[in-house]
Each structure stands twice: as C-alpha cells, then as structure tokens.
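Biologist: I'd like to go through this model with you and ask how you arrive at the words you use. Could you show it first?

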Amino acid sequence: MYHDSRYRIERETLIIPGLTRSYRFLQLADSHMSPDSPLDTAEMREKAAKHRDIWMQHGNGVPQEENFEAFVALAEQEQVDLAVLCGDMTDFPSVGTADEGAKRYARFSRYLYVPGNHEQGIRFPEMFAAATNGHPALQAVDLGELIVVGVDNGCHTVSDEVMDTLEQLVHGDKPVILVHHIPVDCDTLHPAAVDYWQDVTYFLFGLSGDGENIDRYNRLVREEHTQLCAVLAGHLHFDHIDRFENGVTQYVAAPCLAGYGRLIEIKGE
C-alpha cells in the first residue's frame, strides 16, 4: 500500500506529557461507501448504485469498499490501537448501508466511529446503534491513560446532555482526544475551506445552526487549562492541521475514497 500511488498515508506525532506508553491511531473519514444491501428497498439499492458511480469519479479509481478494506489491512499491519472513523463512512442513512458499515468497521481490532452529515446518526439512532454502542450522539473509549470521545455534530447541533458530559470529561483527570465529523472553524482553516468550497457555511462547525450549545462547543475546544489535547475531523475532503490558541491541534482528514489515511503516534515527552 505504501508503494501504491493510489494511496497517500500521512504520519503525524502528537505529544501528550505524562503518557507512559505510545498509542497508534489510524484516522479515516469520508469513504462514502454505498453498498448494495439486500436489507434495503429496490429504490435504495438503485440510489446506492448511482452514488457509487458518482464517488468513483471523485476518488482514486478504486471502489469505495476496496479502499476501506485496504485500510483495514493497513491497521493490522501497523498494529494500531484504535481506528478513528470521522464520519461519512457510508453515503446515506438506510438500514442496509448502516448494517454493512457496522460489519466493515468491526474488521478493525478496535474502532471509534462517529456518523457524519450524510449519515445523521442523531436523527436515525436506531440505524447506527450497532456501530456506536447504541449512543451515536456521544461515545467514550477509555484507553487507560487517555480517553477518546466521539461526538456526532453532523447535523450542526449538540444536545444539552452531550455538552454536559463532554464538559465533565474535558475537565476530568485524563487527557481527552475529541472526534467529530465537521471541523471547528478557526483562522487558519477558514481560508483553505473558502478556497476549496467557496461558501463554507455548512462546512465548518459554528457557522450554521442555532443554539447556545454551538457556542459552548466552540468555547470548550478553545478553553485554556483543560484535558483536551487534540481534535480529529473530516468532512472537508482535504487534509489540514491547525492549532488553536490554547495549543490544541485539530487534524482534518482528506477522504478515504481518494485513498487518504493518517497514522498518528501519540506518546509522552
């Protein structure tokens, strides 16, 4: 895979003081798989076929499912501790796509998956229960020395309950890595998003939607002296790395459908 020009594997290092061992994450986003599932209606299966063709034109020439399987093999080869799936792994919400997605995610030895705007897990929680431990709105994976928290922000909304829990975790006693689909707007990311998408209202979290919790979320990511160490996202279909004023790094992943994945080594000083 490393010698295949259709794939691009980035490597990054994240330093979290105090860790006694290193951790390896594989970050993926936006594979937009559109499987032909017998659980779906004929109309949905026809939709899936059309979407497969559309995304093939925007990808690396490899079918979406084959790209995903290649990264499953990479994760095993690299012995990653966690595959972090940052949303839009499937292309639309349906019983069949959600079921096929959950089966594929389970091929990783351990994973955290947050639904994206194409999947809308908080609107269809029953579809995504199998892939999110029954809680698509917020999940937490405790790795012993650090916690990885997944929040579904794909609909540009976050509930009071999610915000309350997230604030407790970020102000807790373990380092936290936050995973969501839509990246948080910031001064360094905004111009790149405008250049790629022109109108970025729907592409950066905090620029659309209403409610106090959107502001709470953005303030929390930027707050000083918390346990938050990094944010992992997707959605934009290009890769970018930003650092907020408080030192927290945001890693935005380019799409898996284009053969992109990011390996992040997390270690103490």
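**Reading the model word by word**

Modeller: Let's start with Arg-243: its relative accessible area is 59%, so Arg-243 is exposed. Keep in mind that this is a predicted model.

Biologist: What makes Arg-243 count as exposed rather than buried?

Modeller: The cut-off for exposed is over 50% relative accessible area. Arg-243 has 59%, so it passes and gets the label. You'll find Arg-243 in strand 9. Leaving aside neighbours within four places in sequence, Arg-243 is in contact with Val-248 and Thr-249.

Biologist: And what makes His-32 buried?

Modeller: Buried means under 20%. His-32 has a relative accessible area of 0%, so it is buried. His-32 sits in the loop between strand 2 and helix 1 (42-58).

Biologist: Which residues does His-32 touch, if we skip those up to four places away in sequence?

Modeller: Among them are Trp-55, Asp-88, His-118, His-237 and Leu-257. Each of these contacts rests on heavy atoms within 4.5 Å.

Biologist: Now the sheets. How do you know which strands are at the edges of the sheet with the order 1-11-2-3-4?

Modeller: You look at partners. Strand 1 (8-15) and strand 4 (111-113) each have a single partner strand, so one side of each has no neighbour in the sheet. That sheet is open, has five strands and shows mixed pairing. From one strand to the next, the twist averages 20°.

Biologist: How do you know that strand 2 and strand 11 pair?

Modeller: Pairing needs at least two bridges between two strands. Strand 2 (residues 23-28) and strand 11 (residues 260-267) have five, and they run antiparallel. As an example, Arg-24 has Glu-265 in strand 11 as its bridge partner.

Biologist: What makes the pairing in this sheet mixed?

Modeller: Besides that antiparallel pair, strand 2 and strand 3 pair in the parallel sense over four bridges. Strand 3 and strand 4 are also parallel, over three bridges. In strand 3, Ala-83 is the bridge partner of Leu-26, while Val-84 has Leu-112 in strand 4 as its partner.

Biologist: Why do you say that both faces of strand 3 are covered?

Modeller: In a regular strand the side chains alternate between the two faces of the sheet. In strand 3 (residues 82-85), Leu-82 and Val-84 are on one side, Ala-83 and Leu-85 are on the other, and all of them are buried. Helix 2 (residues 64-78) lies across strand 1, strand 2 and strand 11, at about 175° to strand 2.

Biologist: What about the sheet with six strands: which are its edge strands?

Modeller: They are strand 5 (138-142) and strand 9 (240-243), each pairing on one side only. The order in this open sheet is 5-6-7-8-10-9, again with mixed pairing. Strand 5 and strand 6 (residues 147-151) run antiparallel and are joined by five bridges. One spot to look for is Val-141, opposite Val-148 in strand 6.

Biologist: Which helix packs on the sheet there, and which strands does it touch?

Modeller: Helix 6 (residues 212-222) does, touching strand 6, strand 7 (176-179) and strand 8 (228-233). Several of its residues are buried, including Ile-214, Tyr-217 and Leu-220. The cover over the buried residues of helix 6 includes strand 6, helix 4 (160-170), strand 7 and strand 8.

Biologist: How do you know that Cys-229 and Cys-256 aren't in disulfides?

Modeller: A disulfide needs two cysteine sulfur atoms within 2.5 Å. For Cys-229, the closest cysteine sulfur is in Cys-86, 16 Å away, so that is too far for a bond. For Cys-256, the closest is also in Cys-86, at 11 Å, again too far. The structure holds zero disulfides.

Biologist: Is Cys-256 buried or exposed?

Modeller: Cys-256 has 0% relative accessibility, so it counts as buried.

Biologist: Last one: what lines the largest pocket?

Modeller: The lining has 14 residues, and those nearest the centre are Thr-226, Leu-228, Cys-229, Asn-246 and Val-248. Strand 1 and strand 8 each supply at least two residues of that lining. The space in the largest pocket is about 150 Å³.

Methods
Residues numbered from 1 in each chain as written. Predicted model: local features only at pLDDT ≥ 70, side-chain atom pairs only at ≥ 80, totals over all residues. Heavy atoms only, no water. Axes fitted to C-alpha atoms, helices over the stretch in contact; angles between N-to-C directions. Buried < 20%, exposed > 50% of the residue type's maximum accessible area, 1.4 Å probe, protein only. 1 Å grid on protein atoms, 1.4 Å probe; cavity = no way out; pocket = protein on both sides within 12 Å on 5 of 7 lines; lining within 4 Å. Points joined across faces, edges and corners; volume = space filled by probe spheres on them.
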